Amino acid sequence: MRTNSLLCMLLGGAMATGIAVAQPQKSKAKTAVTTFPEQRIPQAESETHMRFLAADELLGRRTGDAGNRIAARYIAEQFRLLGLKPAPGQADYFQRIPFERVSMASSGQLVAGKDSLRLGKDLVILAGSAFGQTAEVVYAGYGLTDGDDGYKGRDVKGRIVVVQGGSPEAKGAREIFRASNQKRKLAADKGAAALIELYSESIPWGMASQYFNREQISLPATADDSKLVHAWVNNTNNRLGRLKEAGQTVSLQTSGRANMAAPSMNVAGVIEGTDPKLKNEYVILSAHFDHVGVGRQGGNAYAPTDSIFNGARDNAFGTVALLTAAKALSEQRPKRSVLVLALTGEEVGLLGSRYYAENPLVPLNQTVFDLNSDGAGYNDTSIVSVIGLERTGAKAEIEAGAKAFGLGVFAEPAPEQGLFDRSDNVNFAAKGVPAPTFSPGFKSFDEAIAKYYHQAVDNPESLDFAYLHKFCQAFTHAGRLIADRPTRPMWIAGDKYEAAGKALYK
């Protein structure tokens, strides 16, 4: 009895600690068990990365600030330690980006007839130098073409141009801002003195006004459009619709917005694939490492005792997953090559990924997939949430990667938020690369998410470190399975980015 009891105790202890126990076999055949480095990475490692990247000393990792550069250096030195190679043609791990810091305008006023619009209320200045002029305006439709709905037949040189806000296709913030930038460039090319957009778009005016009436980080403007004054005016209920009519005069005065250098960098390392043919194809694993900074930079309330927006969930979480993947995949390399890409500038307009998409370190037509990691937080530690799971061709691998570490997959959380087009993955998708976002587990934006999303309390001590560890392992394993696929993942038929994919991979 005592011997049997002891045996039972040993067997129970072994099973509880995960140690394999030999079972009686009817045959001598052995079943091989495949193990991967991501299964052996200790929880303490992901916790250590998190406690550094989301530490107070990094002051919220705002793009262009010292804390952001420290985070980039930390990531680069981890890549060096693990033996990752710089991307082809790069001397080191940094893709340097010449961002500019654009100060807010200190003054601005637009007078149109009896209406006087003041800066910060019904007028925002997007760009430009100091300006003061009273002049007849020229209406140029949407201001995006030389056609009838644009500049056809209109001489705007030295004059104030008025255009409709947005574009016929612009639905979300990304499309609205992109159209606005295109309008400024074309107006500058036409020799306009200033550009005024009549704003009545889907983003509430209050949010647009708040965003532009503070400092911004931007990609450098071209020489032609850097000094052109560009304003949005609140045209709710078409209150200024008369400016579309001929003979209208306005007076526009502003201090303009000053620019100064604010360099930052993406951090990229390559793990070469093992398959002689497939190693010429790349899977990108990406996550942004920037956050929103300190105090007023953060955009939300803060206490005098804690003004640092640490960004543990958004997005040190994804960055730690990236470092986990870098270690595990470098120890046991997959068939395809992997570009491990830590992105800056996400919080200031997806600018790091936009810069990469325009200046790729490996050819985009050899980039078969981007598995991006980003999120606002989590409210369910039994799952991961994947935006684009059903659209981007690697559903089976992503689900298997999560299942290997005891996690389910929830597809397309909070659909009303339009999340696919709000993270770095969209800049890859727009070029045609299938690119879902692998997020911590949530199904909706509830109080548990709002408590920490872009809040000063989002610090490492508030995290479930066991969940962070499993999340990082699942992300890594999903990336491995995608890189080992015999065929490329592709967009599902009819997806809005399918045509871009066909053009890229033709």
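1. A charge is taken to sit over a ring if NZ of Lys or CZ of Arg is within 6 Å of the ring centre and within 35 degrees of the ring normal. In this predicted model, R313 lies over the face of Y452, at 3.6 Å from the ring centre. There is also a contact of this kind at F420, where the charged end of R391 is placed over the ring, 4.0 Å from its centre.

2. Turning to contacts between rings, a search of the whole structure returns 22 aromatic pairs. One of them joins F79 and Y93 in an edge-to-face arrangement, with 5.9 Å from centre to centre and 75° between the planes. This pair links distant parts of the chain, since F79 belongs to helix α4 (residues 66-82) while Y93 lies in the loop between α4 and β1 (94-97), 14 residues apart. F79 counts as buried because its relative accessibility is 0%, and Y93 likewise counts as buried, at 7% relative accessibility, the cut-off for that class being under 20%.

3. The rings of Y356 and F428 have planes at 40° and centres 5.8 Å apart, so this pair is classed as tilted. Because Y356 lies in helix α8 (residues 351-358) and F428 in helix α10 (residues 425-429), the contact ties together parts that are 72 residues apart in sequence. Both Y356 and F428 are buried.

4. Some ring contacts join into a group: F177, Y199, W205, Y211, F212 and W232 are linked by ring pairs into a cluster.

Terms used. Residues numbered from 1 in each chain as written. Predicted model: local features only at pLDDT ≥ 70, side-chain atom pairs only at ≥ 80, totals over all residues. Heavy atoms only, no water. Phe/Tyr/Trp six-rings, centres within 6.5 Å; stacked < 30°, edge-to-face > 60°. Helix = DSSP H or I, 4+ residues; strand = E, 2+ residues; numbered from the N terminus. Buried < 20%, exposed > 50% of the residue type's maximum accessible area, 1.4 Å probe, protein only.
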